[in-house]
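Thanks for coming. I will go through one structure today, starting with the overall dimensions and then moving to the aromatic residues and a few single positions.

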Amino acid sequence: KVMDRQIHKLTALRQLVMRNNSLSYLQNGAFSGMLYLERLDLSYNQLYSIEPHTFGGLNYLKKLNLEGNRLHFLSSQWFASMPSLGWLFLSNNLIGRLQANVFEMLSGLFTMKLDGNRISSIESGSFNGLLHLRILYLTDNLLQTIPTQELHNLPLLQYLYFDRNPILRIPTFAFHSMNLTMLTMSYMPRLKVIEKQSFLNMEHLVTLQLHDNSEFVYIDQKAFVN
């Protein structure tokens, strides 16, 4: 169940929507010839394998939707020719970890959705290159610690959705001096404690959601300094 080569004849295409089909495999050059494609929607197929140069030549692509597939990992080579990409949707796959530099070519990206995966590990350098990212969804994964160092590599991040992760505590300096205006950490099944200065110097924070955390018992009185 792969792409038919006849699709290459659609050289003037701007949008291609192929959601809710049965595609399982994407080959190198699957979209070659579609030089002006701006939106590609492959959500809710059965994709488990994407070759390294599948998206080669999509230099004007602005929105890529791979939600609801069976992807277990991400490759930096997929994104090597997407300098214009602004939206990347990877929700509801089977991704277990983020590798270093996997998004390093996506300097223009400002919205990324990784919710509903199985992410338990975010390696050092995973968010390298995401200099303009403003919105990040990490809801409903398997993270047991807050990836503080990696989040601090996102200088323009404003909205962080972190609900439904099995984190036990929010440690000191977890989000210190970040420019977030909105942070959601609700429906956390194990969260018990917020330690001192965990939100130190978050001067731009407007909305903080910490509701429906059934084990939550303690906030240090110095958690929200400045």
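Start with the radius of gyration. For 226 residues, a compact globule would be expected near 17 Å, and the protein chain comes out at 19 Å, so the two agree. Keep in mind that this is a predicted model. The C-alpha trace spans about 65 × 30 × 25 Å along its principal axes.

For secondary structure, the protein chain has one helix and 16 strands. Buried residues account for 46% of the 226 residues. If we take contacts between residues at least 6 apart in sequence, 56% of them join residues at least 24 apart. The accessible surface of the protein chain is about 10500 Å², and carbon and sulfur atoms hold 49% of that.

Next, the core. The largest nonpolar core has 63 residues, and the members that touch the most others are Phe55, Phe103, Leu136 and Phe175. Take Phe103 from that list. Not counting residues up to four places away in sequence, Phe103 touches ten residues by name: Leu74, Phe79, Leu88, Leu90, Leu98, Met112, Ser126, Phe127, Asn128 and Leu130. Phe103 also belongs to an aromatic cluster, together with Phe73, Trp78 and Phe79.

That brings us to the aromatic pairs. How many aromatic pairs does a search of the whole structure find? The count is nine. One of them is Trp78 with Phe79, an edge-to-face pair with 6.1 Å centre to centre and 75° between the planes. The label follows from the angle, because planes over 60 degrees apart count as edge-to-face. Are these two residues buried or exposed? Trp78 is buried, at a relative accessible area of 1%, and Phe79 is buried with a value of 1%.

A second pair is Phe199 with Phe224. Here the ring centres are 5.0 Å apart and the planes meet at 10°, so this pair is stacked. This pair links distant parts of the chain, with the two positions 25 residues apart in numbering. Phe199 sits in the loop between β14 (193–194) and β15 (207–209), while Phe224 is in the segment after β16 (218–219). As for burial, Phe199 counts as buried at 2% relative accessibility, whereas Phe224 is partly exposed, with a relative accessible area of 41%. The 41% falls in that class because partly exposed covers the range between the 20% limit for buried and the 50% limit for exposed.

Back to Trp78 for a moment. Trp78 is placed in the loop between β5 and β6 (87–89). Leaving aside neighbours within four places in sequence, Trp78 is in contact with Ile50, Glu51, Pro52, Phe55, Leu71 and Phe73. For a sense of separation, the C-alpha atoms of Trp78 and His204 are 34 Å apart, and the two residues are 126 residues apart along the chain.

There is also a lysine with two rings to report. Which rings does Lys113 lie over? Lys113 lies over the face of Phe89, at 5.7 Å from the ring centre, and over the face of Tyr137, at 4.9 Å from the ring centre.

Phe89 comes up again with Asn65. Asn65 is found in strand β5 (residues 63–65) and is buried, with a relative accessible area of 9%. Setting aside neighbours within four places in sequence, the contacts of Asn65 are Leu40, Asp41, Leu42, Ser43 and Phe89.

Last, two backbone points. Where does Asp140 lie? Asp140 is in the loop between β10 (135–137) and α1 (148–151). The phi of Asp140 is near 60°, which is a positive value in a residue other than glycine. Asp140 counts as partly exposed, at 40% relative accessibility.

Ser177 also has a positive phi, of about 65°, although it is not a glycine. Ser177 is found in the loop between β12 (169–170) and β13 (182–184). At 39% relative accessibility, Ser177 counts as partly exposed.

That is the end of the list. I can take questions now.

Conventions
Residues are numbered from 1 along each chain as its sequence is written. This is a predicted model: local features need pLDDT of at least 70, side-chain atom pairs count only at pLDDT 80 or more; totals for chains, interfaces and linings use all residues. Side-chain values use heavy atoms; hydrogens and water are left out. Rings of Phe, Tyr and Trp (its six-membered ring) pair if their centres lie within 6.5 Å; planes under 30 degrees apart count as stacked, over 60 as edge-to-face and the rest as tilted. Buried means under 20% relative accessible area, exposed over 50%, partly exposed in between (1.4 Å probe, protein chains only). Helices (H or I, at least four residues) and strands (E, at least two) are DSSP runs, numbered from the N terminus. A charge sits over a ring if NZ of Lys or CZ of Arg is within 6 Å of the ring centre and within 35 degrees of the ring normal. The radius of gyration is taken over C-alpha atoms; the globule rule is 2.2 Å times the number of residues to the power 0.38. Contact means heavy atoms within 4.5 Å. Accessible areas come from the Shrake-Rupley method with a 1.4 Å probe; for residues, only the protein chains shown count as cover. A nonpolar core is a set of buried Ala, Val, Leu, Ile, Met, Phe, Trp, Tyr and Cys residues joined through side-chain atoms within 4.5 Å.
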